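Got your viewer open? Load the model, pick a cartoon view and keep the selection box handy.

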Amino acid sequence: SLHSRTELISFYSERAFQPGWSKDEQLTCNALELRHLIQNATFDGFLPEDYHLDGLNIFFEKYFSGIPLTPIDLAKVDFLLSDAFILYANHIGKALFGCDGKQCKKTTIQPAAKIFDLPSHEAIHEKILGVDKT
């Protein structure tokens, strides 16, 4: 079953109900990449089956075996991918920013240079080229 019905209605309304993961009856690269992300969700600490992996695999196996997906198949896989994307994004947000489902803690994301105490871009530019950019 779908987890993000309200968000799906909004997503497809804004797209004039056009598919988000296929074009000209073919799955897009984004669809393939999202499936790959879901297959590897354990690396982010999530369970792939929470993101419709079993249902998606049925359509992808058919697609990769050369059997054309019907318009109904494409609609189903589109809904599953969109729902998985929304749910995954919500889970990542909660994991990264401590969201409780309604409100996120205010978190300042520091530039890598500051976290690792690296010199600024300007300092590197000056050191390499001997030119002060300011």
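What follows is a walk through the chain, stop by stop, with something to select at each one.

**The whole chain**

Keep in mind that you are looking at a predicted model. Start with the cartoon: the protein chain has six helices and two strands. Follow the trace from the N terminus and the order reads α-β-β-α-α-α-α-α. Switch on the surface and you have about 9,600 Å² of accessible area, with carbon and sulfur atoms contributing 59% of that. The chain has 134 residues, and 27% of them count as buried. If you like contact maps, take the contacts with a separation of 6 or more: 57% of them are between residues 24 or more positions apart.

**Stop one: an aromatic cluster**

Select F11, Y12 and F79 and show them as sticks; the three form one aromatic cluster. The structure holds eight aromatic pairs. One of them is F11 with Y12, which counts as edge-to-face because the planes stand at 80 degrees, over the cut-off of 60; the ring centres are 4.8 Å apart. Now look at Y12 and F79, also an edge-to-face pair, with 5.1 Å from centre to centre and 70 degrees between the planes. What does this second pair tie together? Y12 belongs to helix α1 (residues 5–14) and F79 to helix α4, so the pair links parts that are 67 residues apart in sequence.

Colour the three by accessibility next. Y12 is buried, at a relative accessible area of 6%. F11 is partly exposed at 28%, and F79 is partly exposed too, at 38%.

**Stop two: along helix α4**

Stay on α4, which covers residues 71–97, and pick A75 in it. A75 is partly exposed, with a relative accessible area of 36%. Draw a C-alpha to C-alpha distance from A75 to Q18: the two are 57 residues apart in sequence, yet the line reads 9.6 Å.

Then move to S82, in the helix α4 as well. Is S82 buried or exposed? With 3% relative accessibility, S82 counts as buried, because the cut-off for that is under 20%. Which residues touch S82, once you leave aside neighbours within four places in sequence? Select L8, F11, Y12 and W21, and you have its contacts. F11 and Y12 are familiar from the aromatic cluster. One more distance to draw here is S82 to P19: 9.5 Å between the C-alpha atoms, with their positions 63 residues apart in sequence.

**Stop three: two positive phi values**

Go to the loop between β1 (22–23) and β2 (26–27) and select D24. Its phi is near 55 degrees, a positive value in a residue other than glycine. D24 counts as exposed, at 66% relative accessibility.

Now jump to H52, in the loop between α2 (29–39) and α3 (53–64). H52 is another non-glycine residue with a positive phi, near 65 degrees. Is H52 buried or exposed? H52 counts as buried, at 12% relative accessibility, because that is under the 20% cut-off.

**Stop four: α2 against α3**

Select the two helices on either side of that loop. Two packed helices are described by the angle between their axes and the distance between the axes. For α2 and α3 the angle is about 135 degrees and the axes are 11 Å apart. An angle of that kind is neither roughly parallel, roughly antiparallel nor roughly perpendicular, so α2 and α3 are oblique to each other. The crossing of α2 past α3 is left-handed.

Which residues make the contact? Show these side chains:

- from α2: A31, L32, R35, I38 and Q39
- from α3: L53, L56, N57, F60 and F64

Finish on N57, in helix α3. N57 counts as buried, with 16% relative accessibility. Apart from neighbours within four places in sequence, N57 is in contact with R35 and Q39, and both of these are among the α2 residues that make the contact with α3.

Technical notes: Residues numbered from 1 in each chain as written. Heavy atoms only, no water. Helix = DSSP H or I, 4+ residues; strand = E, 2+ residues; numbered from the N terminus. Buried < 20%, exposed > 50% of the residue type's maximum accessible area, 1.4 Å probe, protein only. Contact = heavy atoms within 4.5 Å. Areas by Shrake-Rupley, 256 points an atom, 1.4 Å probe, with all protein chains shown as cover. Phe/Tyr/Trp six-rings, centres within 6.5 Å; stacked < 30°, edge-to-face > 60°. Axes fitted to C-alpha atoms, helices over the stretch in contact; angles between N-to-C directions. Parallel < 35°, antiparallel > 145°, perpendicular 65-115°, else oblique. Left-handed = near helix turned anticlockwise from the far one by under 90°.
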